[in-house]
Amino acid sequence: MFLVELFKWWYGFGWLDAWKRVGGSAQKTGRQFSIPVLLKNLFAPWKQIVSLPGRSLDDKFRAMVDNLVSRTIGFFVRMLTLIAAMVVICLSAALSLALAVVWPLLPPAAVYFLVRAVAG
């Protein structure tokens, strides 16, 4: 009885759940990388480092250059993080897709390898 129920679940709800996880893993990874926040703050200064301009033209120019450098560093760090996120999302989706495709083959493979191990 237990084996019949396990068989029904494995090729029914279990396999359906494996297919649902394909999209869910990509969404979960996107949330872990905070992609909307990275896109919203793409041109924000790095670690909110902002120089306030002084009264002289030299101080204003120095503050402008400092802020430009801070924003440039922030842009490149966030872009590299977004690229890494896309790579991880693609890998996660590919692995969960491979699991969903291989899912129905796992029980026969387990039986096959068990028989091979016992038979020698």
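Here are some short exercises with worked solutions on this predicted model.

**Exercise 1. Describe the overall build of the protein chain, from its elements to its dimensions.**

Step 1: begin with the secondary structure. The protein chain has four helices and zero strands, and from the N terminus on its elements run α-α-α-α.

Step 2: turn to the dimensions. Along the principal axes, the C-alpha atoms fill a box of roughly 85 × 30 × 15 Å. The radius of gyration is 26 Å, whereas a compact globule of 120 residues would have one near 14 Å.

Step 3: look at burial and surface. Of the 120 residues, 22% are buried. The accessible surface comes to about 9200 Å², and carbon and sulfur atoms account for 75% of that.

Step 4: check the contacts. Among those with a separation of 6 or more, 84% are between residues 24 or more positions apart.

**Exercise 2. Find the salt bridges and place each one in its helix.**

Step 1: recall the principle. Side chains of opposite charge can pair when their charged atoms come close. The count here is three salt bridges.

Step 2: start in helix H1. Glutamate 5 and lysine 8 meet in a salt bridge at 3.7 Å, N to O. These two residues are three apart in helix H1, so about one helical turn separates them. Glutamate 5 is partly exposed at 39% relative accessibility, while lysine 8 is exposed at 52%.

Step 3: stay in helix H1 for aspartate 17 and arginine 21, whose closest N and O atoms are 2.6 Å apart. Here the spacing is four residues, again about one helical turn. Aspartate 17 is partly exposed at 32%, and arginine 21 is partly exposed at 38%.

Step 4: move to helix H3. Arginine 62 pairs with aspartate 58, with the closest N and O atoms 3.3 Å apart. Both lie in helix H3, four residues apart. Arginine 62 has a relative accessible area of 48% and aspartate 58 has 47%, so each counts as partly exposed.

**Exercise 3. Decide whether arginine 78 is buried or exposed, and work out which residues it contacts.**

Step 1: locate arginine 78 in helix H3, residues 57-102.

Step 2: assess its setting. Arginine 78 is buried and has no salt bridge. The nearest side chain of opposite charge is aspartate 66, 16 Å away. A salt bridge needs the nitrogen within 4 Å of a carboxyl oxygen, so aspartate 66 at 16 Å does not qualify.

Step 3: list the contacts, leaving aside neighbours within four places in sequence. They are Leu38, Asn41, Leu42, Ala44 and Pro45.

**Exercise 4. Trace the aromatic cluster that includes Trp9.**

Step 1: the whole structure holds seven aromatic pairs. One of them joins tryptophan 9 and tryptophan 10, edge-to-face, at 5.9 Å centre to centre with 65° between the planes.

Step 2: follow tryptophan 9 to its other partner in the cluster. The ring centres of tryptophan 9 and tryptophan 103 are 6.0 Å apart and their planes are at 65°, so this pair is edge-to-face. The pair links distant parts of the chain: tryptophan 9 is in helix H1 and tryptophan 103 is in the loop between H3 and helix H4, 94 residues apart.

Step 3: put the pairs together. Trp9, Trp10 and Trp103 form one aromatic cluster. Tryptophan 9 is partly exposed at 40%, whereas tryptophan 10 is buried at 18%, and tryptophan 103 is buried at 8%.

Terms used:
Residues are numbered from 1 along each chain as its sequence is written. This is a predicted model: local features need pLDDT of at least 70, side-chain atom pairs count only at pLDDT 80 or more; totals for chains, interfaces and linings use all residues. Side-chain values use heavy atoms; hydrogens and water are left out. Buried means under 20% relative accessible area, exposed over 50%, partly exposed in between (1.4 Å probe, protein chains only). Lys and Arg count as positive and Asp and Glu as negative; His and the chain ends are not counted. Contact means heavy atoms within 4.5 Å. Rings of Phe, Tyr and Trp (its six-membered ring) pair if their centres lie within 6.5 Å; planes under 30 degrees apart count as stacked, over 60 as edge-to-face and the rest as tilted. The radius of gyration is taken over C-alpha atoms; the globule rule is 2.2 Å times the number of residues to the power 0.38. Accessible areas come from the Shrake-Rupley method with a 1.4 Å probe; for residues, only the protein chains shown count as cover.
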